[in-house]
Amino acid sequence: MALEQIKMPQLGESVTEGTIEKWLVKPGDHVNKYDALAEVNTDKVTAEVPSSFTGVIKELIANEGDTLAVGEVVCTIETEGGATEEAAEAAPEQPTAETVKPAEVQKHSTPVNREKGAKARYSPAVLKLSQEHGIDLTLVNGTGNEGRITRKDLLKIIESGEIPVAAQAEPAVEQTQAAPQATPQAQVTAAPKAAPVNVPVAVGDIEIPVTGVRKAIAANMLRSKHEAPHAWTMIEVDVTSLVQYRDSLKAEFKAKEGFNLTYFAFFVKAVSQALKEFPMMNSMWAGDKIIQKKDINISIAVATEDALFVPVIKNADEKTIKGIGREVNELAAKVRSGKLKSDEMQGGTFTVNNTGSFGSVQSMGIINYPQAAILQVESIVKRPVIMDGGMIAARDMVNLCLSLDHRVLDGLVAGRFLARVKEILENITKENTSIY
């Protein structure tokens, strides 16, 4: 018999951790390879963790509600076979130092004793949280493999309000060491964030537990706003011809294709066409470089009662309006039925959000990190417009609101891109536009 480990898988691009929402097995259960073991929530998708082996579940390392980094062990499984030597090699060397308690904070500003020669390694998520909240990582005992500090350890400390800080005798040294890592914004905001949130609860108030999906959404939105310098611009588009064209087709289209021909499909097609002409808009910030993506994959926002999912239309520039409409319809149905797969959430390069479906006429979206821009398509409304010659006419108008990462994009390229989208949309007519 051999003891194998099941680790937290990579469930999407830029996903660094996942939350065990529900175990589907228990110790002693026999599972086959590829059987689902647990439901996991990330900031991008709810997915199942499959078994990599056939065997018997030995131990569930993580509890429901635990958040683990990609690569951390979630459970062990006993398999048949002569892999005794491999199991022995895989077993971690027993530490000689005293076993540390989970997420214990050293309250007397004394650094944690570590193995001689051991080098502390921290994930980007742990470093970021420690910088934002002023946590001295040398004073924290971790619960990860070999005592490694995890993001969950720091979240527990932050919630407790007992933030470990360096000894008062060495303020200058600690500040000097922290300066290269912490940004000025992180240093300024560290103190207020360290205090636990204390919201008074009155009679009749309802306390709603924060789900793993909601926590993941909050973390990703905070990261986007914290790291990406957002700029915003809006343009007004006359879509009277588009509305007339779509209205003349919708009944026949529904009868023939079996789904509705929405305005949103026209907007996604126009955006994907403009992205081909302005490829810089289809870029991402990568620290020391900007990555201009070859494929045009449009992320679309689909909301459920308690979460927001962002499935992706791959190679949208190569699809017809009908093809885009069908894919939007299918992806939305999968989200609402809980059948969306993790690979259908990956690879997005630009986001188009249909905020107009809620009646919104102007909004500023938060960029879908690590993309460089998001376009909000607002509600189409009748407005009086002064036409050529001074005549006033009722026209179908829509606002397009663009949020952009100013590290990647400047106003010039963003303005030209929006102007091109406007031109495409205002020239959609029965005579020059085919939906097939």
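Me: Which residues is Leu400 in contact with, leaving aside its neighbours within four places in sequence?
Reply: Happy to start there, with the reminder that this is a predicted model, where local features need pLDDT of at least 70, side-chain atom pairs count only at pLDDT 80 or more, and totals for chains, interfaces and linings use all residues. Residues are numbered from 1 along each chain as its sequence is written, and side-chain values use heavy atoms, with hydrogens and water left out. Contact means heavy atoms within 4.5 Å. With those neighbours set aside, the partners of Leu400 are Thr233, Met234, Ile235, Val237, Phe267, Leu375, Gln376, Val377, Leu418, Val421 and Leu425.

Me: Which helix gives the largest share of the largest nonpolar core?
Reply: A nonpolar core is a set of buried Ala, Val, Leu, Ile, Met, Phe, Trp, Tyr and Cys residues joined through side-chain atoms within 4.5 Å; buried means under 20% relative accessible area, exposed over 50% and partly exposed in between (1.4 Å probe, protein chains only). The largest such core has 60 residues, and Met281, Ile298, Phe350, Leu400 and Leu425 have the most contacts inside it. Helices (H or I, at least four residues) and strands (E, at least two) are DSSP runs, numbered from the N terminus. The largest share, 9 residues, comes from helix 8 (residues 263-277).

Me: Within what arc do the buried residues of helix 3 fall?
Reply: In helix 3 (residues 151-160), the buried residues are Asp153, Leu154, Ile157 and Ile158. The arc is taken from the directions from the helix axis to the C-beta atoms. Seen down that axis, the buried residues line one face of helix 3, because they fall within an arc of 135°.

Me: How far apart in sequence are Lys422 and Glu426, in helix 10?
Reply: These two side chains meet in a salt bridge (a side-chain nitrogen of Lys or Arg within 4 Å of a carboxyl oxygen of Asp or Glu), at 3.0 Å, N to O. Lys422 is partly exposed, with a relative accessible area of 23%, and Glu426 is partly exposed at 30%. About one helical turn separates them in helix 10 (residues 411-426), because they are 4 residues apart.

Me: Is Lys294 buried or exposed?
Reply: Lys294 forms a salt bridge with Asp295, with the closest N and O atoms 2.9 Å apart. Its partner Asp295 is partly exposed, with a relative accessible area of 31%. At a relative accessible area of 73%, Lys294 is exposed.
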